[in-house]
Amino acid sequence: MNRSGRDDEPDRFYTLTGGRAAPTTEEFDPVTLVVSECAPTPAMQREHVAILTMCREPTAVVEIAAELRLPFGIATVLVADLLHTGKVTVRYPELAAGPYGDTFDIDMLEKVLVGLRSL
């Protein structure tokens, strides 16, 4: 029995990432910024083209996932592929020392929250 729509997505995700559910060497935070370093080429898969186009300006990985309507883990695999080929660079969030060890900079998180609310 085939349930249209619900079971189609896992196959699509498997195909997009070659069976990988997470990047093999990189760990991305949702607010890690991605910046394109080149223009898309005709032979690229559609999602890579969309990421390179979207990331002409610094774009958070979570925004990429939302825009492409992909799970966060799948988006990180695609970004990692582009990172390993030098097509994008990433900027990891800076950690600030807090009372309980390293925590994210509260000012940065508030800016992300304001940005998300404005969507």
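The following exchange examines the terms applied to this predicted model and the values behind them.

Me: On what basis are the values computed?
Reply: The model is predicted, so local features need pLDDT of at least 70 and side-chain atom pairs count only at pLDDT 80 or more, while totals for chains, interfaces and linings use all residues. Residues are numbered from 1 along each chain as its sequence is written, and side-chain values use heavy atoms, with hydrogens and water left out.

Me: How do you know which elements make up the secondary structure?
Reply: The elements are DSSP runs numbered from the N terminus, helices being H or I over at least four residues and strands E over at least two. The protein comes to five helices and five strands, in the order α-β-α-β-α-α-β-β-β-α from the N terminus on.

Me: Why are phenylalanine 28 and tyrosine 92 called a stacked aromatic pair?
Reply: Rings of Phe, Tyr and Trp (its six-membered ring) pair if their centres lie within 6.5 Å; planes under 30 degrees apart count as stacked, over 60 as edge-to-face and the rest as tilted. A search of the whole structure finds one aromatic pair. In this pair, phenylalanine 28 and tyrosine 92 are 6.3 Å apart centre to centre, with 15 degrees between the planes, and the pair is therefore stacked.

Me: What makes this pair a link between parts of the chain?
Reply: Phenylalanine 28 lies in the loop between α1 (8–17) and β1 (33–36), and tyrosine 92 in the loop between β3 (88–91) and β4 (95–98), so the pair ties together parts that are 64 residues apart in sequence.

Me: Why is phenylalanine 28 called buried or exposed?
Reply: Buried means under 20% relative accessible area, exposed over 50%, and partly exposed in between, with a 1.4 Å probe and protein chains only. Phenylalanine 28 has 11% and is therefore buried. Tyrosine 92, at 39%, is partly exposed. Proline 93, in the loop between β3 and β4, is buried at 16%. Valine 62, in helix α3 (residues 61–68), counts as partly exposed at 31%. Buried residues make up 29% of the 119 residues in the protein.

Me: How do you know that β1, β2 and β3 belong to one sheet?
Reply: Two strands pair if DSSP finds at least two bridges between them. β1 and β3 pair in the antiparallel sense over four bridges, and two bridges join β1 to β2, which also run antiparallel. Both pairings therefore satisfy the criterion. The three strands form an open sheet in the order β2-β1-β3. β2 (59–60) and β3 stand at the edges, each with a single partner strand, so one side of each is left without a neighbour in the sheet.

Me: Which residues are bridge partners of valine 34?
Reply: The bridge partner of valine 34 is valine 90 in β3 and threonine 59 in β2. Serine 36 has valine 88 as its bridge partner in β3.

Me: What makes the two faces of β3 distinct?
Reply: In a regular strand the side chains alternate between the two faces of the sheet. In β3, Val88 and Val90 form the covered face, whereas Thr89 and Arg91 form the uncovered one.

Me: How do you know that the span of helix α4 is close to the expected value?
Reply: The expected span of a helix is 1.5 Å times one less than its number of residues. Helix α4 (residues 72–84) has 13 residues, and its reach of 18 Å from first C-alpha to last is close to the 18 Å expected. Its buried residues include Ile74, Val77 and Leu82. Just after α4, glycine 86 takes a positive phi of about 80 degrees.

Me: Why is the lining of the largest pocket described as nonpolar, polar and charged?
Reply: Ala, Val, Leu, Ile, Met, Phe, Trp, Tyr, Cys and Pro count as nonpolar, Asp, Glu, Lys and Arg as charged, and the others, Gly among them, as polar. On that basis the lining divides into nine nonpolar, one polar and five charged residues. Helix α5 (residues 106–117) contributes the largest share, six residues.
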